[in-house]
Amino acid sequence: MVKLFLENLDKFEGKKIKVFACGPTPMLKALQAVLLEHNIDGEISTECAMACGFGICQGCPIEDKNNSSKYLLVCKDGPVFNIKDVIL
Ligand code: FES
């Protein structure tokens, strides 16, 4: 998917685009790298094993890119995050 996106990236040159994606974390991580490199905005729907599903067990953390000492919770703060806000 990321390879296909890169192959067609020139079609969007000069246009403001935003990418919405879901899928396995390694793919989202690769997509995140490409989007950040090309300064393209995006939203990703993350997947995570959850226990409680409402923010009590702290079992679904994802690193907060804007605050290195803080984690976001996929169940409570997400599961959709801006590509610039999380470290996959
Ligand atoms: S599943 Fe329990 S805090 Fe997210």
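This is a guided tour of the structure, with one selection at each stop.

**The whole chain**

Begin with the whole protein chain, keeping in mind that the model on screen is predicted. Along its principal axes, the C-alpha trace spans about 45 × 25 × 15 Å. Colour the chain by secondary structure, and three helices and six strands should appear. If you follow the chain from the N terminus on, these elements come in the order α-β-α-β-β-β-α-β-β.

**The sheet with mixed pairing**

Next select β1, β2 and β5, which form an open sheet of three strands in the order β1-β2-β5, with mixed pairing. The edge strands are β1, residues 18-22, and β5, residues 80-82, and each of these pairs on one side only. From one strand to the next, the twist averages 20 degrees.

Keep β1 in view together with β2, residues 41-45, and you will see two strands that pair in the parallel sense over five bridges. To find individual bridges, select K18, whose bridge partner in β2 is D41, and then F20, whose partner in β2 is E43. On the other pairing of this sheet, β2 and β5 run in the antiparallel sense and are joined over three bridges, and here S45 can be selected with V80, its bridge partner in β5.

**The helix on the sheet**

Which helix packs on this sheet, touching β1 and β2? Select residues 25-37, which make up helix α2, and look along the helix and β1 together, since the direction of α2 makes about 170 degrees with that of β1. Taken with the two strands, this helix completes a β-α-β unit, for β1, α2 and β2 together make one that is right-handed.

**Two turns of the backbone**

Move on to the loop between α2 and β2, where N39 lies. This residue is worth a closer look at its backbone, as N39 has a positive phi of about 50 degrees although it is not a glycine.

Then go to the loop between α3, residues 74-77, and β5, where P79 is found. Select G78 along with P79, and inspect the peptide bond that joins them: it is cis, with omega at about 10 degrees.

**The antiparallel sheet**

Now hide the earlier selection and show β3, β4 and β6, which form an open sheet of three strands in the order β4-β3-β6, with antiparallel pairing. Here β4, residues 71-73, and β6, residues 86-87, stand at the edges with a single partner strand each, so one side of each is left without a neighbour in the sheet. Strand β3, residues 61-64, runs antiparallel to β6 and is joined to it by two bridges. One place to check this pairing is E63, whose bridge partner in β6 is I87.

**The largest pocket**

For the last stop, turn on a surface display. Rolling a probe the size of a water molecule over the atoms shows where empty space is left. How much space lies in the largest pocket? The value comes to about 180 Å³.

To see what surrounds this space, select L9, D10, F12, E13, G14, K15, K16, I17, H38, N39, I40 and D41, which line the largest pocket. Coloured by residue type, the lining divides into four nonpolar, three polar and five charged residues. Two residues in this lining have been met before on the tour: N39 and D41 both line the pocket, N39 being the residue with the positive phi and D41 the bridge partner of K18.

Technical notes:
Residues numbered from 1 in each chain as written. Predicted model: local features only at pLDDT ≥ 70, side-chain atom pairs only at ≥ 80, totals over all residues. Heavy atoms only, no water. Pairing = 2+ DSSP bridges. Helix = DSSP H or I, 4+ residues; strand = E, 2+ residues; numbered from the N terminus. Axes fitted to C-alpha atoms, helices over the stretch in contact; angles between N-to-C directions. Contact = heavy atoms within 4.5 Å. 1 Å grid on protein atoms, 1.4 Å probe; cavity = no way out; pocket = protein on both sides within 12 Å on 5 of 7 lines; lining within 4 Å. Points joined across faces, edges and corners; volume = space filled by probe spheres on them. Nonpolar A, V, L, I, M, F, W, Y, C, P; charged D, E, K, R; others polar. Right-handed = clockwise from strand over helix to strand, strands pointing away.
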